[in-house]
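Me: I would like to learn how to read strands, hairpins and helix contacts in a protein model. Could you take me through them one feature at a time?

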Amino acid sequence: MKLIAILLAAATGAIAAKAAPIPIEQFFQKPQMTGASISPDGRHVVLRLQSPAGRSMLKVLDADSHAQNVVAAYRNADVETFFWLNDQRLAYTVINVDHGGDIGQTGLYAVDRDGKAFTVLSPTIVPQRSFADSDYANNAYLARPTVNGFPPRKGDVMFAVARFPDYEVLMRLNTRSGGRPLDVRAPRGTHRWLVDADGEVRVAVARRRGMDIVYHRADDSWREVASFDPLSPQAFQPKLYVNGQLYVQAYSGNDEASIYRFDLEKKALDAKPLIIVPGYDADGYFQISDSKMLGFRVNTDSENTVWFDDGMKAMQQEVDALLPATINTLSYGGHSETPFVLVDAHSDVQDHIYLLYNRDTKKLLRLGDAHPDLKPEQMAPMAMQRYPARDGLRIPIYFTVPEPAVKRPRPTVVLVGDPQWKRSASWAWNEEVQFLASRGYVVLQPQPRGTGGFGRAFEAAGDKQWGRAIQDDLADAVKWSVAQGYTDPARVCIAGTGYGGYAAMMGLIRDPALFKCGISWSGMTDLGAMFERDWKDVAEERGLAQLAARVGDPKLDAAQFRATSPLHNAARITQPVLLAYGKEDARVPFHEGRKFRDALKATNQQVEWLEYTPNVEDWKTQANRIDLWRHIEAFLAKHIGP
């Protein structure tokens, strides 16, 4: 009933807004509030929001008095991740650092909730990104745990892996003194770990010679309890260590991963899973207090929470009754001394709203919105289904249809995500999707074979299928949408960034009758070149091995790489193309984009080229991203009609 109500409301709003499209800036400008986290004692909430200088800052709110205090705000940097170390202290990272301001470099920092005792902890590795990426593009606005398991609440400490040229070491950082980190003496090569409720590291996962080895420390010595190839069916991921029990995500002979208890004495999984999610891997994390597990937050077609705790289950029902049109994610202090619960409310037509719920008074206090100027009734509804590929494999797809009450074939954009092996859509508000829908386009977001989260067989079906069976899945999504009556087959464009840009160009090559035009920003063009880059945001030994398993071996599969690389097949592209690359892009070097442009222009006169140079003003105003999407809007209107 709730979904039907949303669909009807959105349809009515879309028709009303038809004469006056929402300005592009309202979709792509920096969101007003982009995250929140409640302190372990429930007395304070830290909010990430836009500062007067146009940067992301942190402000701490007293849950009882509502007094507010800015604790991290910089003219030349944005706050990215943030989390409570304990009731008094916060840790956070900064990105988008411009020289000559109040902060020196991207890094990890700590500060007390009153803004005092600021400490520099460590420089951090900046993930590779495109000039057109949003800092919040994945919709992960609610501050999530940085690692699975309990945080080390005792003292002002946290754990982190220190990387050296030839090895990695798990270290304990004192976030107040900022002194020399202490070696935890975990097994060599540890890259994942779990902390118990007392703040001690009890489980460690180390990578050695391509194998993951799981260790358990019951007293003062480490004992190996499992060893496996991380890509094998026997692999599992430790999720929580509580009361001497280890809980993991594992397949245990099944196609879909579930949550199991791992018997540390028998060194084996229990026969019966704790959590199973039909049709999906149980991909998520535990909701915990300071001493026990309260529930599990799982990603199905959207994010949902399975509560074990009766009190939390009752609170969820209370909040859902007050906010019936949204998914409501609750966060409760680990040893809360107050009646306050943090609520993150969102849906397909509503970007994130942050509220504070008082379980005694049953009242909600609205803390802020990501996009207060965009109304749900102006947005288009999203739905999720699975369609049959040509070989019978069922492919998940998210699709957004403007004015769904008026069913007719419409121009359509196939929006392909990046990276290929991760889910690129969820039943949630998305600025790119909603902007396209506001201009009258149906938006298809297929999750083709090889995408994680839908079972092991589905993921493995995509191995070495870039430009092949994966590409067929994207084409079959269009054919499905045509059959449903959503898509006009004469007006379809394919678009994306990173892998999505690669898929857009391969779509033009493989299915020229289906796709009338293609758009690629920061798109990959040469599969072989992917393995020649400095992948500094992954541990090379782990990341590149998995990349080869998914995409192929640059030496053994060289012929396939050439046959499925847009650069080497540019002469086959005859449709209109829009290309955009950033001069300082880390994801795909600018020169690769320019090389592909030159190859295209040699035989195709319908190539539009855009190049961008990021700067400090762009980080604040999103000027480059807005300019790109203004060009995309004009390109689509010209080639498949508004």
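Me: In which sense do strand 12 and strand 13 pair, and over how many bridges?

Reply: As a general idea, the strands of a sheet pair through backbone hydrogen bonds, and they do so either parallel or antiparallel. In this predicted model, strand 12 (residues 190–195) and strand 13 pair in the antiparallel sense over 5 bridges, and one of the residue pairs to look for is Trp-193 with its bridge partner Ala-204 in strand 13. The two strands form a hairpin with 5 residues between them, and in that turn Gly-199 has a positive phi of about 85°.

Me: Which strand does strand 13 join on to next, and how many bridges are there?

Reply: Strand 13 is joined by 6 bridges to strand 14 (residues 211–217), and these two run antiparallel, with Val-205 standing opposite Val-214 in strand 14. Their hairpin has 2 residues between the strands, and Arg-209 takes a positive phi near 50° there.

Me: Is strand 13 buried or exposed?

Reply: A residue is called buried when its relative accessible area is under 20%. In strand 13 (residues 201–208), 8 of the 8 residues are buried, so the strand is largely enclosed by the rest of the structure.

Me: How should I read the sheet with the order 1-2-3-4, and which strands stand at its edges?

Reply: This is an open sheet of 4 strands with antiparallel pairing. Strand 1 (33–38) and strand 4 (68–72) stand at the edges, where each has a single partner strand, so one side of each is left without a neighbour in the sheet. From one strand to the next, the twist averages 25°. If you follow strand 3 (residues 56–62) to strand 4, you find antiparallel pairing over 4 bridges, in which Val-60 has Asn-69 as its bridge partner.

Me: At what angle do helix 6 and helix 7 cross, and which residues meet there?

Reply: The axes of helix 6 (residues 469–484) and helix 7 (residues 499–510) come within 10 Å and cross at roughly 80°. An angle from 65 to 115 degrees counts as roughly perpendicular, and therefore helix 6 is described as roughly perpendicular to helix 7. On the helix 6 side, Ile-470, Gln-471, Asp-472 and Leu-474 take part, and they meet Tyr-499, Ala-503, Met-506, Gly-507 and Arg-510 in helix 7. The residues of this contact divide into 5 nonpolar, 2 polar and 2 charged.

Key: Residues are numbered from 1 along each chain as its sequence is written. This is a predicted model: local features need pLDDT of at least 70, side-chain atom pairs count only at pLDDT 80 or more; totals for chains, interfaces and linings use all residues. Side-chain values use heavy atoms; hydrogens and water are left out. Axes are lines fitted to C-alpha atoms, for helices over the stretch in contact, and angles run from 0 to 180 degrees between N-to-C directions. Angles under 35 degrees count as roughly parallel, over 145 as roughly antiparallel, 65 to 115 as roughly perpendicular and the rest as oblique. Contact means heavy atoms within 4.5 Å. Ala, Val, Leu, Ile, Met, Phe, Trp, Tyr, Cys and Pro count as nonpolar, Asp, Glu, Lys and Arg as charged, and the others, Gly among them, as polar. Two strands pair if DSSP finds at least two bridges between them. Buried means under 20% relative accessible area, exposed over 50%, partly exposed in between (1.4 Å probe, protein chains only).
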